[in-house]
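The following exercises concern contacts, burial and surface character. Each task is followed by a solution in steps.

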Amino acid sequence: MIYSNTLIKSFAIGCLGAFAATFAAYGQDSLQQTTQRVEERYQEPLLQYAEDTIALGFSKKARKNVVGATSAIRPDSYLEYDNSQWVRAALIGRITGLSGSDVIRGLGNAMIVVDGIPSRSIDLLNSEEIEQITVLKDANALAQYGAMGKNGVIVVTTKRGSSKFRRANVIVNYGISRPVSLPSYLGSADYMELFNEARLNDGLDSAFSQEQIFNYRQGTNPYRYPNVDYYSSKYLKPSNNFTNVLAEFSGGNDNTKYYVNLGYSSSGSLAKLNPDVDQGNKRFNVRGNIDFRVNNFISSSLDVVSIVNSNKSAHSDLFYQGLSLKPHVYAPLLPVSMIDTTLNEVLAGQVKGANLYDGFLLGGAQAYQNNTPIANILAGGYQESISRVTQVNNAIDIDLNSLAKGLTAKTYVSFDFYNTYALSVTNQYSVYEPVWSNDTIVGLNRLGNQDKKDLTENATTQGFITRYGFYGLLNYDKQVGEKHHINTSLIGFANNMFVRFQKQPAKNAHVAFQLSYSFDDKLLFDFSSAYVNSVKLPEGNRGKFSPSLGLAYVLSEENGLQNVSWLNYLKLRATAGVIYSDLGIEGHFMYKEVYEQQGGGYSWADGFSNSSTKLLQGRNNNFGYEQRKDINLGFESILFNSLWLEMNVFQTDIDDQVTQLNNQYPSYYADFMPNSNYSKDRYKGIELGINYSERVGSLNLDLGLRAMYTSSERLKVDEVYNDNYQYRKNLPLDVFWGLEDQGFYSVNDFDEEGVLKDGLAVPAFGDVQAGDIKYKDQNNDGVINNQDQVNIGRWFAPWTMGVNFRVAYKGLSLFVLGVGQYGNQALLENNYYWVDGDDKYSEVVRNRWTEENAENATFPRLSSQENNNNFRRSTFWMYDNSYFSISRAQLTYTLPVAWVDKLQMQNLSVYASGSNLLEFSEATKERQLIIGSSPMYRYFSVGLRAKF
């Protein structure tokens, strides 16, 4: 293991030692910082004020001077009362215009930029090390990121040291996570009864006798008549433990500043049988950001990040294998106490030579000797996945005032290394099939390998990624007179990512230009653009200019409004722009003709045959970029010194999308068909953010709401259908296509020979009988087939929202965050719900169709054969996926200033928190059940935050 007890202890001792040192060093600063720390306790949860500085990636601006549509938060403003360490979870419901954690305005996964570097994972960060997160939403805000910014950009800026004060903080968090829901399968006797019913429905004989069913239902000998539930408390713990320890140090002087972040986190496993193997996940991270002055006009910074993550587990996963292993087939463990060896020396020798596990042998069956998850967990060894991340950044800032006042330059170089490898240690073992006489085992059939702990090791590299990037920036900032301000930037950008075994690296390069002008701090103009380049396109089409234009008017700066007491700030904005991008172009040679050797053959009359070369893809010299075309109108304001409002109305067209025009060419031209720029989609919507903050004496109240409506529409698509209702044009992009169910076939729908009566459409998916799902014949052709598929719902929620509430009285604070979505659907589509053949039966089959239960049935008739009619996408399997949930709640107590002053501390608070607490939905049960992998969890924790 990477993480030994010694390492963990050393880390803890090192943190304590560092804090002991900081007590002495920081004690002299304590009184000076008292006033400041009191103010920090009541920072607002959003960057609300016009003068707040917003990090835009390549630059920083006061909020009132930002023209494009952006939203920003500082983790320090909420971490004291909402200890959300995982950044992705912290973003949900907290930023206007964001769906989930990284989808901006429904366009797809946004690009993550960390300290100016794109394509870095937000999951590698903890919230403590982040200074600010900014979401760039419209073309004007993200234009300088060129092609990579097509889906929007999330800019993450990490903390840096300060020359004004030194700080040390520690955060300790311990908690448990409990599964919200686990799969529920029927027991052995119920399975047998229902499988017999399924065979009778198919005209077959019963598979199990009534005596067998009786013995399994009695359960007097669970080893002879097993009833195994792989999700029970026998194999899984009721909860997991998790621990997070974070420490950060910052300080410096006028010449050198530093920031250090250290973190350790661990989370256990629900698996109960072998804790030495199922150890769960452990993570260690360290960040060091150093800023230093080289001389009077050159300063530099060096950032180094290292992260090591390890996950150790058994070779078998009960959550996956428990889906198919039926409860009655064998007992995973056989007690030695039930084996009679007194009259059988061979049997006695078998028992003596076998490996025992707390008095049990490993059980199995002839058909399951290599598919025994319990035996594999106890005896099969383990697997460990280890990932290492190293990131290095270097920036050089040059003050060129000697050449021209307001002129600066910057270079930024970064290197990332990602390495993941797996270590597998495998043991051979035997399983045993018992021979019973009454309730005694009188014989054992040994199956599989010998019992020996050979510890066969196999280490494989799962992934190796290298990324390096560079950008150079020249900026000119000039105040002309009292009313005119000009800022302009020229940026050269390059980013390359190399993935092992991939021949073509991901390369992005562009030049960006930005010019902004403000008149009298109220009329703002911004022109942002990029000239992009792509090696994925043919010569002559690789370069493209992406312009954007934004105008803003700070109306509250007008003389007539400056004295309006209730209007503190009001800014109107309008932006438009085009982003040319190659993100939707999957391959590097999609514009070329592609040939396949040995693509077929032909024979001559003399019997000799020849191979041929086949054209797989035609050439298109006009193949080009996809386009994002943006329009955004909005405003932001502060009213009554306590109410923040922001709203944007937006429309985004994604044009010239890559496709093959199958319907534009004759069918015999299929092999010669080129890739083309053709399809066009539109996204439009409105987003609204409201935050209200009020302070009355010692009582503080914060209320916030973020809501967004977004819809999509296919404007142009290559399609030809026989029926008008199947055309995708003018419909949302996220439509589910399926059949419309009409309930179940009844006995009256069939004649005496079991044939559908005249007038009923005949399904093309196989024979049906009473209790099968009946579908609507949309085109009235008398046949139910795929031509009867219609729009039955949509998977992306058009309405999303987040609501936060915080009330604080003196040192006590209560915070609650709720998130929700409305207007989308989801489908039940796996073997937990689609049960036929010899599938394992889940609880959903209890209310199956029978003649006696025909009126109330919610599940089709059971069948022991493959049923292609019932288990296909249709409205029968659809449910409303709308919900509102209490995502997080935290109760925090901050010790009085007088108390912490005696400890020479700046701040000390304790808290209790919970996540994923409560959900309101029509389909809560379906939404919260995860099939085949780790379950959804509910988290409870207690913690301590200390600032020095």
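**Exercise 1.** In this predicted model, determine which residues Val845 is in contact with, leaving aside its neighbours within four places in sequence.

*Solution.* Under that exclusion, the contacts of Val845 are Leu186, Leu194, Val835, Phe859 and Leu862. The next step is to place Val845 in its setting: together with Leu362, Tyr841 and Trp877, Val845 touches the most other members of the largest nonpolar core, which has 68 residues. Elements giving two or more residues to this core include helix H5 (188-201), helix H6 (210-218) and strand E18 (407-437). H5 provides the largest share, 6 residues. Another core, of 35 residues, lies apart from this one, and Ile54, Leu136, Leu473 and Phe623 are among its residues.

**Exercise 2.** Decide whether Glu636 is buried or exposed, and identify the residue whose side chain joins that of Glu636 in a polar contact of 2.8 Å.

*Solution.* Glu636 belongs to strand E29 (residues 626-639). Buried means under 20% relative accessible area. Glu636 has 2% relative accessibility and therefore counts as buried. The partner in the polar contact of 2.8 Å is Tyr569. Not counting residues up to four places away in sequence, Glu636 also touches others, including Arg63, Lys571, Arg573 and Trp644.

**Exercise 3.** Classify Leu703 by its relative accessibility, and state which strands each supply at least two residues of the nonpolar patch.

*Solution.* Leu703 is located in strand E32 (residues 699-716). Its relative accessibility is 35%, so Leu703 counts as partly exposed. Leu703 is one of the residues of a nonpolar surface patch, among them Phe805, Tyr893 and Trp899, with about 800 Å² of accessible area together for the whole patch. The strands sought are E40 (812-822) and E43 (883-894).

How values were computed: Residues are numbered from 1 along each chain as its sequence is written. This is a predicted model: local features need pLDDT of at least 70, side-chain atom pairs count only at pLDDT 80 or more; totals for chains, interfaces and linings use all residues. Side-chain values use heavy atoms; hydrogens and water are left out. Patches are made of residues with over 30% relative accessible area and no salt bridge: like charges are joined within 9 Å, nonpolar side chains (Val, Leu, Ile, Met, Phe, Trp, Tyr) within 5 Å. Accessible areas come from the Shrake-Rupley method with a 1.4 Å probe; for residues, only the protein chains shown count as cover. A salt bridge is a side-chain nitrogen of Lys or Arg within 4 Å of a carboxyl oxygen of Asp or Glu. Helices (H or I, at least four residues) and strands (E, at least two) are DSSP runs, numbered from the N terminus. Buried means under 20% relative accessible area, exposed over 50%, partly exposed in between (1.4 Å probe, protein chains only). A nonpolar core is a set of buried Ala, Val, Leu, Ile, Met, Phe, Trp, Tyr and Cys residues joined through side-chain atoms within 4.5 Å. Contact means heavy atoms within 4.5 Å. A polar contact is a pair of N or O atoms within 3.5 Å; within protein, one must be able to donate a hydrogen and the other to accept it, and residues adjacent in sequence count only if both atoms are side-chain atoms.
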